[in-house]
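User: I'd like to learn how to read a model like this one, feature by feature. Could you walk me through it?

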Amino acid sequence: MGTLLFGLPAQAQSSWNFDRAATQISFIGHRFGTVVTNGRFERYDGTFSIDFDHPEKSRIRVTLETGSIKAGSPLVDGFIAGASMLDSAAYPTATFVSDSVTRTSEHDLEIRGRLTIKGMTHPFTVRAMINGDIGKARRGEALPFRASGSFLRPTYDIGRDVNIVDDQIDIEIQGRLAR
C-alpha cells in the first residue's frame, strides 16, 4: 500500500505500520446495489516492508481480529462475528499477505496476495492509492493512503443461508502508515 513512492531518490527498504489514530478498516455489504450493512474492525495490525525503488520487493501483511467487528448494534455485531458468518470463536483472525506489488500509475498500486478467512485461503487483489505529499512521507512523515478489495462470501463459507446481503463484500482501508 505504501509502495507508491516511485521515481524518488534511492532509499533502502523501510518498515511501516498502521497509524491507529488515523486508520479505519471497513466492510460494506450491498443488496441490489444499495448498502445494507457496513461497519469496521476495531482491532487490526499491519506490517509494510516497503522498497520505494523496487516495489516488486515490497511485502505487506494485514491481520484483522474478526471478533472486533462493529456494525452499529451489539445484535448485528454478534451475528456477523457468529458461527454462520465469520465464526470468530473458531477463527479469531483474517489475514492478507501480499505476493506481488505492481505500480499501475504514479500514485496507484495493484497488490496481489492471499486472503485467509475461516481457515480458507484464496487469491485477493487490493487496489491502493497514496493521498498526500509523497516527499514528506519519504522524509519520514506519515504516509496517507486508501486501499480496497472485494471478495465473495461463499468463497469463505460466510453466511451460507443469509440472503439479506449480496455475495460481494467490499473491504476499504483509509488511513496512514507510520514508521
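User: Let's start with a single residue: in which loop does Lys118 lie?

Analyst: Happy to help. Lys118 lies in the loop between β8 (108–117) and β9. Strands here are DSSP runs of E with at least two residues, helices are runs of H or I with at least four, and both are numbered from the N terminus. One note on ground rules: this is a predicted model, where local features need pLDDT of at least 70, side-chain atom pairs count only at pLDDT 80 or more, and totals for chains, interfaces and linings use all residues. Residues are numbered from 1 along each chain as its sequence is written, and side-chain values use heavy atoms, with hydrogens and water left out.

User: What is the phi of Lys118, positive or negative?

Analyst: The general idea is that most residues other than glycine have a negative phi. Lys118 has a positive phi of about 55°, although it is not a glycine. Phe32 also has a positive phi of about 55° without being a glycine. Its place is in the loop between β2 (24–31) and β3 (34–41).

User: Is Lys118 buried or exposed, and what about Phe32?

Analyst: The cut-offs come from relative accessible area: buried is under 20%, exposed is over 50%, and partly exposed lies in between (1.4 Å probe, protein chains only). Lys118, at 9%, is buried, whereas Phe32 counts as exposed at 68%. For the middle class, take Met129 in strand β9 (residues 120–130): its 34% makes it partly exposed.

User: Which confidence values should I look at before trusting a region?

Analyst: Look at pLDDT, the predictor's confidence in each residue, from 0 to 100. The chain averages 88, and 91% of the residues score at least 70. Strand β5 (residues 59–65) has the highest confidence, at 97, while helix α2 (residues 134–138) has the lowest, at a mean of 73. Over residues 1–11 pLDDT stays under 50, and the model has 47 contacts for them beyond four places in sequence. A contact means heavy atoms within 4.5 Å.

User: What does Ser68 touch?

Analyst: Leaving out residues up to four places away in sequence, Ser68 touches Arg40, Phe41, Glu42 and Arg43. Ser68 lies in the loop between β5 and β6 (69–70), and with a relative accessible area of 1% this serine is buried.

User: How many residues does the largest nonpolar core have?

Analyst: A nonpolar core is a set of buried Ala, Val, Leu, Ile, Met, Phe, Trp, Tyr and Cys residues joined through side-chain atoms within 4.5 Å. The largest one has 41 residues, and Phe18, Ile25 and Phe151 have the most contacts inside it. Beyond four places in sequence, the residues that Ile25 touches include Phe18, Phe41, Val62 and Ile171.

User: Last one: how much space lies in the largest pocket?

Analyst: Rolling a probe the size of a water molecule over the atoms shows where empty space is left. On a 1 Å grid over the protein atoms alone, a pocket is an open set of points where a 1.4 Å probe fits, with protein on both sides within 12 Å along at least five of seven lines; lining residues have an atom within 4 Å of a point. The largest pocket holds about 530 Å³. It is lined by 37 residues, and Phe27, Phe41, Phe151, Ile169 and Ile171 are the closest to its centre.

Methods
Grid points are joined across faces, edges and corners, and a volume is the space filled by probe spheres set on the points.
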